[in-house]
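Biologist: I would like to go through this structure step by step. Please keep the reasoning short and end each reply on what was asked.

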Amino acid sequence: MDKDLDKDKVNNKENVKDKDKSKNKDKDIDKINAKKNKTKKLIYGIITAVITVLLSIIILGLISPIYFVFIRSFSPAEDMFPISLFPSEPVLRHFSDLVRITGETGIPFSRNIFSSLVISVITTAVQIPVVCAMAYVLTKIDAPGVRMFDRIIEHTIILSPLVLYVPQFFLMLKLGISDSYFAMILPFVASPFSVWLVKQYMNAAFPTEIVYSAIIDGASHFRICFGIVMPNIKPAIFAVMVLSFGNMWSYTGELFAHSADIMPIGSLMPHFAQREEIAGVFYAAAAVIAVPMTILAIVFQKDIARTAAVAGIKTNTRKGVCGKKDRVYPKKAKTETK
């Protein structure tokens, strides 16, 4: 019995020692993990701080031109050069000079605003359904030449607009609509970038199964595109609206038109930029151009951000209804003949 008791005591002591050792090991491991976590948090904090500083610099660089345009449009002539952060005495003289100088040419400033509104509103109103229809065909219909047309649009985005101006100019001449509103609107009705943006959003955010269901219910492609798809891709439509209106609102129009009574606001900018004595008028005109674009960007910023995030997702644009296995109109199975 005594021997058994001694063995039990020895075993208990060994178990206690093992537990102490394991506790000490756990404490050491916890200390090591705590140090690692502190190091990771420190590195993460440094990286976050660096990224925040870089993003702040980028944001300031993007905002500063707009800020100085508005500040200089209200600054007196003596504050133009060098650049001042705040005007010493805010004035509205530059805006009245803008109206006066444009009126001296025989065309009132209100006419330029009207031309810009006509070009911007009509181009945007026509571009949205055209772009949505093209994106629907590229993503939801499998037809001969669709894949090639898709590649052409993607490669056209890379090209500079200056490359397309010359053939567009001769096309307007052949159609006999040069020097008119139509000549300034027609070349921008179908924007390759807008088509790509809506296509990416439609492919990533709109399920193909809904198109299947609508086809089974007897809906036409026209009904599916404009009655089902478009109401469900509103963020992409709003993003295209902002981009289209902004581009056309600042459009100069000098290549396709030369009559003063149909020229938009953007056509005034090169003339004002050549005269240093009316620099304030130049910034006043720039402020007039920037105001609507800034308001639209602020109002629809969530839709623009969402569209950019969804369109950036890598997707296969030829899957689903457009794919070889799943077609809108599947090929009939071939029957084996003996």
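Biologist: Which residues of the largest nonpolar core touch the most other members?

Modeller: This is a predicted model. In general, nonpolar side chains in soluble globular proteins tend to be buried together. The largest nonpolar core here has 29 residues. Those that touch the most other members are Cys132, Tyr136, Val198, Met202, Val229 and Ile233.

Biologist: Which helix gives the most residues to this core?

Modeller: Several elements give two or more residues to the core, including helix 4 (146-158), helix 7 (192-205), helix 9 (221-229) and helix 13 (301-311). Helix 3 (109-140) is also one of them. With 7 residues, the element that gives the most is helix 3.

Biologist: What does Ile233 contact, leaving aside its neighbours within four places in sequence?

Modeller: Ile233 is among the core residues that touch the most other members. Cys132, Val198 and Met202 are also in that group. With the sequence neighbours left aside, the contacts of Ile233 are Cys132, Val198, Tyr201 and Met202.

Biologist: How many residues are in the other core?

Modeller: This core lies apart from the largest one. Among its members are Phe245, Ala279, Ala285 and Ala287. Its number of residues is 24.

Biologist: How many disulfides does the structure hold?

Modeller: A disulfide needs two cysteine sulfur atoms within 2.5 Å. The sulfur of Cys132 has its closest cysteine sulfur in Cys225, at 6.4 Å, so the two are too far apart for a bond. Both residues are buried, Cys132 with a relative accessible area of 1% and Cys225 with 4%. The number of disulfides is 0.

Biologist: How many helices and how many strands does the protein chain have?

Modeller: Read along the sequence, the pattern of the chain is α-α-α-α-α-α-α-α-α-α-α-α-α. Every symbol in that pattern is an α. The count is 13 helices and 0 strands.

Biologist: What share of the contacts with a separation of 6 or more comes from residues 24 or more positions apart?

Modeller: One pair far apart along the chain is Thr307 and Ala239, which are 68 residues apart and have C-alpha atoms separated by 7.0 Å. Thr307 touches Ala239, and also Leu197, Tyr201, Pro235 and Ala236, not counting residues up to four places away in sequence. For the protein chain, residues 24 or more positions apart account for a share of 72%.

Biologist: Is Thr307 buried or exposed?

Modeller: Thr307 lies in helix 13. A residue counts as buried when its relative accessible area is under 20%. Thr307 has a value of 1%, so it is buried.

Biologist: Which residues does Ser115 touch, not counting those up to four places away in sequence?

Modeller: Ser115 lies in helix 3. At 0% relative accessibility, Ser115 counts as buried. Beyond its sequence neighbours, the residues touched by Ser115 are Tyr181, Asp261, Ile262, Met263 and Pro264.

Biologist: Which residues are the closest to the centre of the largest pocket?

Modeller: The largest pocket has a volume of about 530 Å³, and 21 residues line it. Helix 4, helix 5 (161-175), helix 7 and helix 10 each supply at least two residues of this lining. The residues closest to the centre are Pro161, Phe188, Ser191, Pro192 and Asn247.

Biologist: How many charged residues does the lining of the largest pocket have?

Modeller: Sorted by class, the lining has 13 nonpolar residues. A further 8 are polar. The number of charged residues is none.

Biologist: What separates the C-alpha atoms of Ile157 and Ser191?

Modeller: Ile157 lies in helix 4 and is partly exposed, with a relative accessible area of 31%. Leaving aside neighbours within four places in sequence, Ile157 is in contact with Pro192, Phe193 and Trp196. Ile157 and Ser191 are 34 residues apart along the chain, and their C-alpha atoms are separated by 8.8 Å.

Biologist: What is the phi of Asp179?

Modeller: Most residues other than glycine have a negative phi. Asp179 lies in the loop between helix 5 and helix 6 (181-185), and it is partly exposed, with a relative accessible area of 23%. Although Asp179 is not a glycine, its phi is positive, at about 60°.

Key: Residues are numbered from 1 along each chain as its sequence is written. This is a predicted model: local features need pLDDT of at least 70, side-chain atom pairs count only at pLDDT 80 or more; totals for chains, interfaces and linings use all residues. Side-chain values use heavy atoms; hydrogens and water are left out. Buried means under 20% relative accessible area, exposed over 50%, partly exposed in between (1.4 Å probe, protein chains only). A nonpolar core is a set of buried Ala, Val, Leu, Ile, Met, Phe, Trp, Tyr and Cys residues joined through side-chain atoms within 4.5 Å. Helices (H or I, at least four residues) and strands (E, at least two) are DSSP runs, numbered from the N terminus. Contact means heavy atoms within 4.5 Å. On a 1 Å grid over the protein atoms alone, a cavity is a set of points where a 1.4 Å probe fits but cannot get out, and a pocket is an open set with protein on both sides within 12 Å along at least five of seven lines; lining residues have an atom within 4 Å of a point. Grid points are joined across faces, edges and corners, and a volume is the space filled by probe spheres set on the points. Ala, Val, Leu, Ile, Met, Phe, Trp, Tyr, Cys and Pro count as nonpolar, Asp, Glu, Lys and Arg as charged, and the others, Gly among them, as polar.
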